[in-house]
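User: I have just opened this model and would like a close look at one part of it. Could you walk me through chain B and the way it meets its partner?

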Amino acid sequence: MHFTLRLSLIAFILFSVSCAQRKVTRIDPSEEIDISGSWNATDSRITAQELRDQILGEKWLSNHLSSKTKKPVVIVGMITNKSHEHIEAETFMNDLERSFVQTDKVGLVQSGKKREEMRAEKADQQTNASQSSIKKFGLEKGADYILQGSINSIVDAFKRKKTVTYLVNLELTNIETNEVVWIGDKKIAKYVKN
Amino acid sequence: MKPYLFFLLSALITFSGRAQSNGLLPDQNPDYKMSQDKYTRFRDSLLLNSNITVQDTYKAYDWYADKLENRNNRRQARRANWGFNNNWGFNNGIGFNNGWGHNSDFSFNNGWGPNNGFGFNNRWGFNNGWNSYNNFNRRNRFNPFFPSIGFRTGNWFFSF
């Protein structure tokens, strides 16, 4: 074979090997795929399901409805991640909030930055909106309960073996009385072998 | 029995009347205003983390992850030092500042940093400009009273 042809063939092979194509496939979000053993979407989903069932199925709700005529109003407070990984609680808290709205058993009010934005919008309306459409200050619904929580983890590792236990804990507290009316938790344990 | 009941009832009415006249609800702490004022003052900062995941993570001991991290760090350091700290660049066996006087033992890039002290083509290994010996013998170490005098042939330095 001609030398130049041979050289160009080698160059082409090298080029094609070095430019290995990345393959991306859509998967079902409910599919369980564990790659590194870290906290992942499956853990978030399992936690959300479990906590949702617990919070809507326990007696604090019936107790509230029996003592007061209106459905309880909940505000989401601070969630502290004290585990060894970066975990965003919003991934499962959003599912929980959605279940409140969808079931219509629990009222939900905004908190944090979203509430700040809302108030800023209201303030803006005071000078820019037409008089008939201005939303007034001081008419927000006050929450009866605050939902707070924490994420903890326990890691036991030696050489290539590791066990990780995640503990997600949520508490619902009566804002007026400070009484904790519900505590929900979800434990996820994993065994990872590298 | 009746007088007792009457006394109890009248006392209750009196106390509730007093409480309502002070703007207090039944059983409400009369000093509630102190707390209310305190928390009203700081509410913005106290609610800063509301509806937010505060990341207070810790580093767990993980032998395998640490091993991979260390390996990665070593590779990055090697890449970063390449060209500076090898046998063909600055501060090594062939360039300057390489055992000819000061700046040879305890200075920059000469035996105590990453990738420069204990391998091939450096001060502590073989073919390193110091006759395959180290920098810690008195003769080679910088000392104003014992200057390194000698001659060099290629990578080999012969001192007296």
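Analyst: Here is a walk through chain B, then its contact with chain A, and last the core of chain A.

Please keep in mind that this is a predicted model. Its overall scores are ipTM 0.78 and pTM 0.66.

Let's begin with the layout. Chain B holds three helices and three strands, and along the sequence they come in the order α-α-β-α-β-β. The chain has 160 residues, and 13% of them count as buried. If you take the contacts in chain B between residues at least 6 apart in sequence, 41% of them join residues at least 24 apart.

How confident is the predictor here? The average pLDDT of chain B is 65, and 43% of its residues score at least 70. The elements of chain B differ: helix 1 (residues 2-21) of chain B has the lowest mean pLDDT, at 52, while strand 1 (residues 53-55) of chain B has the highest, at 94. There is also a stretch, residues 89-141 of chain B, where the pLDDT is below 50; in the model this stretch has 103 contacts beyond near neighbours in sequence.

Now to the meeting of the chains. Chain B brings 16 residues to the contact and chain A brings 23 residues. On the side of chain B that touches chain A, strand 1 and helix 3 (63-81) of chain B each supply at least two residues. Strand 1 of chain B gives the most, with three residues. By type, the residues on this side of chain B are seven nonpolar, six polar and three charged.

That brings us back to strand 1 of chain B, the element with the highest mean pLDDT in its chain. It pairs with strand 1 of chain A in the parallel sense, over three bridges. To find the pairing on your screen, look for Thr80(A), whose bridge partner in strand 1 of chain B is Val54(B).

From there we can step across into chain A. The largest nonpolar core has 25 residues, and those with the most contacts inside it include Leu51(A), Val74(A), Phe92(A) and Leu96(A). Strand 1 (73-81) of chain A is one of the elements that each supply at least two residues of this core, and helix 2 (41-57) and helix 4 (90-103) of chain A are also among them. So that you can place one core residue in its surroundings, take Leu96(A): leaving aside residues up to four places away in sequence, Leu96(A) touches Ala48(A), Leu51(A), Arg52(A) and Ile55(A).

Note on methods. Residues are numbered from 1 along each chain as its sequence is written. Chains are lettered from A and ligands numbered from 1 in the order in which they are written. This is a predicted model: local features need pLDDT of at least 70, side-chain atom pairs count only at pLDDT 80 or more; totals for chains, interfaces and linings use all residues. Helices (H or I, at least four residues) and strands (E, at least two) are DSSP runs, numbered from the N terminus. A residue is buried if 20 or more other C-beta atoms lie within 10 Å of its own, exposed if 12 or fewer, and partly exposed in between; C-beta atoms are placed from the backbone. Two residues are in contact if their C-beta atoms, placed from the backbone, lie within 7 Å. pLDDT is the predictor's confidence in each residue, from 0 to 100. A nonpolar core is a set of buried Ala, Val, Leu, Ile, Met, Phe, Trp, Tyr and Cys residues joined through C-beta atoms within 7 Å. Ala, Val, Leu, Ile, Met, Phe, Trp, Tyr, Cys and Pro count as nonpolar, Asp, Glu, Lys and Arg as charged, and the others, Gly among them, as polar. Two strands pair if DSSP finds at least two bridges between them.
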